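I set out to record, entry by entry, what I looked up in this structure. The notes follow the order in which I consulted the model.

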Amino acid sequence: MGIAERPLPLVEIRELSKVYQRGREAVEVLHHVDLAIPDGDFLALMGPSGSGKSTLLNLIAGLDSPTDGSLRVAGRRIDRMSSGELARWRAAHVGFVFQFYNLLPALSAQKNVELPLLLTHLPAARRRRNALIALELVGILDRASHKPAQLSGGQQQRVAIARAIVSDPTLLVCDEPTGDLDRHSAEEVLTLLQRLNRDYGKTMIMVTHDPKAAEFARRTLHLDKGTLVEQVA
Amino acid sequence: MKYLPLLVAALLRRKARTLLTMLSVTAAFALFGMLDAVRVAFEAPESLIGIDRLIVASRFSIIQPLPLGYLSRIQSVAGVKAITYANWFGGVYQDPKNFFPNFAVDADTYLAMYPELVLPPAERKAFLDTRTGAIVGQALAEQFGWKIGDKIPLQATIFPRKDGSNAWTFDLVGIYGVSDPALRGLERQMLFRWDYFDEGRDPRYRPGTVGWYAVRIDDPTHASRVAGAIDRQFANSADETKTQSERDFQRSFAKQVGDIGLIVTGIMGAVFFTLLLMTGNAMSQSIRERIPELAVLKTIGFSDLAVVGLVLAESGALLVLGGVAGMALAWSTLPAVRDLSAGQLDVTMQPQSWELGLCLIFLIALAVGLPPALKAKRISIVDALAGH
């Protein structure tokens with residue numbers, strides 16, 4: 001395939017920097033990062049604590065704004081968006097999976113999964129149906145009416161994944177999705193993520209400390225002191 | 001409506017706290033409803049429309065007596081059909097906390113003026129024949145276990161006897177009921193003979209004077225004209241009069257305590273200030289605990305405005321549910337208060353109280369909800385998710 005025919009990457013990062021102000025001190029967390037993530041990729045970001053991997057993930061997901069550089073997702077410059085535009089963009093294009101699941105404790109699994117759909121114009125019956133489909137996809141339909149406290153960690157993370165995919169986002173970002181799970185549950189969750197990538201073509205970026213978790217990704221990038229240092233095929 | 005599950009979830013997250021906060025709102029607005037009804041009752045414009053009984057009292061003060069000599073002059077006013085007089089005594093039975101209204105009355109004419117006080121003929125005759133006689137309402141007799149033939153000692157708080165003592169003793173000769181259950185409040189008073197009182201009181205306390213006159217007029221449509229005619233008779237005299245309806249007279253009586261509106265406003269100010277602090281604290285605590293959850297909502301695309309709206313809706317729901325319940329409680333309780341006052345204190349929830357209550361609900365919800373809502377708006381997703 002010639003260069004002219006090559007499709008544009010889904011995520012295109014150029015000279016991306018992020019500086020945090022800690023009191024009077026300016027701390028550069030990301031230093032001129034260049035990165036391209038093609039559509040359908042499953043990328044694992046690894047690195048020691050403080051290396052900037054979560055910061056990079058937050059920037060790609062539109063949760064934070066860069067200090068410098070450009071960040072384009074699906075052709076749109078998200079680094080130039082206002083907070084309101086970013087909120088709308090996240091609702092339409094990004095699904096999130098967190099280490100501690102972050103489900104709303106007072107809502108059932110189904111209602112938790114429905115949350116992103118509240119921001120759409122779908123009628124209640126359709127929202128409910130889509131939520132149940134997502135729960136079925138992650139293999140936890142029989143727990144639809146359970147509250148998070150009635151579910152195991154692995155089950156809660158499956159609900160969180162269902163919530164992340166229910167609105168069919170362009171990009172799935174996962175921040176240490178297995179960090180709070182035992183080995184068996186972690187493997188189940190990672191297998192699920194892998195299946196979503198392979199079978200449904202979901203583009204995924206996953207931050208992890210765990211090399212075994214990273215093995216489930218298509219490729220792994222290492223960050224150290226705010227710089228991409230190594231790329232493993 | 002689609003955000004309703006989120007609202008319900010937020011309210012039910014800490015059920016006990018929500019319930020207690022809502023109960024405090026309910027209590028505050030029940031108090032508001034009742035006190036505002038009292039304020040409205042006291043501040044309602046005076047009216048003589050449709051009144052067939054009028055009260056003639058001193059123009060300057062309710063405690064200023066009028067000469068007994070006014071009796072025949074009032075009687076001679078065209079339109080006056082009957083007249084009687086009475087005096088507030090203010091005695092206490094055994095202990096100041098045993099308060100009940102007690103009056104010296106002109107026995108014969110008083111009972112004729114107030115046919116709603118139903119007294120058996122034998123007891124009525126005994127009252128007319130016994131100089132030291134007194135009659136009490138059924139409810140009062142039951143409260144103290146009095147029966148006919150008992151001697152009832154009252155300790156005077158205003159009028160000492162000629163010998164300087166404050167001890168007045170009355171013979172209970174009758175126990176009356178009321179013709180209408182709505183007037184049960186009238187059964188909580190004691191009436192005794194004015195002539196006995198007048199002869200027995202210390203000469204320094206103006207014997208030969210009465211607290212007020214009650215007159216019956218020939219036609220309720222003449223009330224304003226007759227009232228004006230009575231007051232004109234005594235214009236520019238040492239004891240000018242003010243003729244008004246019984247209800248307005250009762251209000252004037254109660255206003256001796258002070259400016260009812262100001263008192264009610266003061267109490268309500270304190271209540272709502274406390275409510276503001278309590279509910280505000282509960283809301284702030286609730287939002288503090290839910291910062292990660294609110295951050296998750298923002299993460300998945302809820303705008304700052306939507307989050308502000310959710311928090312305001314939460315405080316609004318607390319205030320509306322609790323406040324309307326409180327107002328409804330006051331509304332359902334007030335008829336009993338009205339009955340206790342024998343209809344003299346017309347305390348019913350007027351539309352203006354509902355309007356004021358709803359405005360307060362809205363304002364307090366805003367005052368309580370806005371600071372945590374703005375805090376929620378300012379949440380940094382990255383910091384909140386990182387647990388900072």
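**Entry 1: the sheet in chain A**

I began with an open sheet in chain A, in which four antiparallel strands follow the order β2-β1-β4-β5. I noted β2 (25–37) and β5 (76–77) of chain A as the edge strands, since each is listed as pairing on one side only. I should state at once that the model is predicted.

I then looked up the pairing of strand β1 (residues 11–22) of chain A with strand β4 (residues 68–73) of chain A, and found five bridges in the antiparallel sense. Within this pairing I located Val11(A), which stands opposite Val73(A) in β4(A). I kept in mind the general point that side chains in a regular strand alternate between the two faces of the sheet.

**Entry 2: chain A as a whole**

For the overall content of chain A I recorded seven helices and 10 strands. The chain has 233 residues, and I find 51% of them buried. I also looked up the sequence separation of its contacts: among those between residues at least 6 apart in sequence, 68% join residues at least 24 apart.

**Entry 3: Ser54(A)**

I next examined a single residue, Ser54(A), which is found in helix α1 (residues 53–60) of chain A. Is Ser54(A) buried or exposed? I counted 23 C-beta neighbours inside 10 Å, and Ser54(A) therefore counts as buried; the cut-off for a buried residue is 20 or more.

Which residues does Ser54(A) touch, leaving aside those up to four places away in sequence? I found Asp175(A) and Val207(A). For Val207(A) I also noted the separation: Ser54(A) and Val207(A) are 153 residues apart along the chain, yet their C-alpha atoms are separated by 6.7 Å.

**Entry 4: the contact between the chains**

I turned to the contact between the chains, to which chain A gives 21 residues and chain B gives 19 residues. On the side of chain A that touches chain B, I found the largest share in helix α2 (residues 83–93) of chain A, with six residues. By class I recorded 13 nonpolar, four polar and four charged residues on that side of chain A.

**Entry 5: chain B as a whole**

For chain B I recorded 14 helices and 12 strands. Of its 388 residues, 39% count as buried. Among contacts in chain B with a separation of 6 or more, I noted that 82% are between residues 24 or more positions apart.

**Entry 6: a strand pair in chain B**

I looked up strand β12 (residues 241–245) of chain B and found it mostly covered, with five of its five residues buried. Strand β1 (residues 53–58) of chain B runs antiparallel to β12(B), and five bridges join the two. One pair I located here is Ile55(B), which stands opposite Gln244(B) in β12(B).

**Entry 7: helix packing in chain B**

I described each helix pair by the angle between the axes and the distance between them, as is general for packed helices.

I took helix α1 (residues 4–12) of chain B and helix α12 (residues 304–340) of chain B to start with; they pack at an angle of about 60 degrees, with their axes 10 Å apart. That angle makes α1(B) oblique to α12(B). I noted the crossing of α1(B) and α12(B) as right-handed. The contact involves Leu6(B), Leu7(B), Ala10(B) and Leu11(B) from α1(B), and Leu310(B), Ala313(B), Glu314(B) and Ala317(B) from α12(B). By class I recorded seven nonpolar, no polar and one charged residues in this contact.

I then followed α12(B) to helix α13 (residues 351–378) of chain B: the axes come within 8 Å and cross at roughly 150 degrees. This crossing of α12(B) and α13(B) is also noted as right-handed. Among the contact residues I listed Val311(B), Glu314(B) and Leu319(B) of α12(B), and Trp354(B), Ile361(B) and Lys377(B) of α13(B). The residues of this contact divide into 15 nonpolar, five polar and three charged.

Lastly I looked up helix α2 (residues 15–43) of chain B and helix α10 (residues 260–289) of chain B, whose axes come within 10 Å and cross at roughly 165 degrees. I therefore entered α2(B) and α10(B) as roughly antiparallel to each other. The crossing of α2(B) past α10(B) is left-handed, and their contact has 16 nonpolar, four polar and four charged residues.

Methods: Residues numbered from 1 in each chain as written. Chains lettered and ligands numbered in written order. Predicted model: local features only at pLDDT ≥ 70, side-chain atom pairs only at ≥ 80, totals over all residues. Buried ≥ 20, exposed ≤ 12 C-beta atoms within 10 Å, placed from the backbone. Pairing = 2+ DSSP bridges. Contact = placed C-beta atoms within 7 Å. Nonpolar A, V, L, I, M, F, W, Y, C, P; charged D, E, K, R; others polar. Axes fitted to C-alpha atoms, helices over the stretch in contact; angles between N-to-C directions. Parallel < 35°, antiparallel > 145°, perpendicular 65-115°, else oblique. Left-handed = near helix turned anticlockwise from the far one by under 90°.
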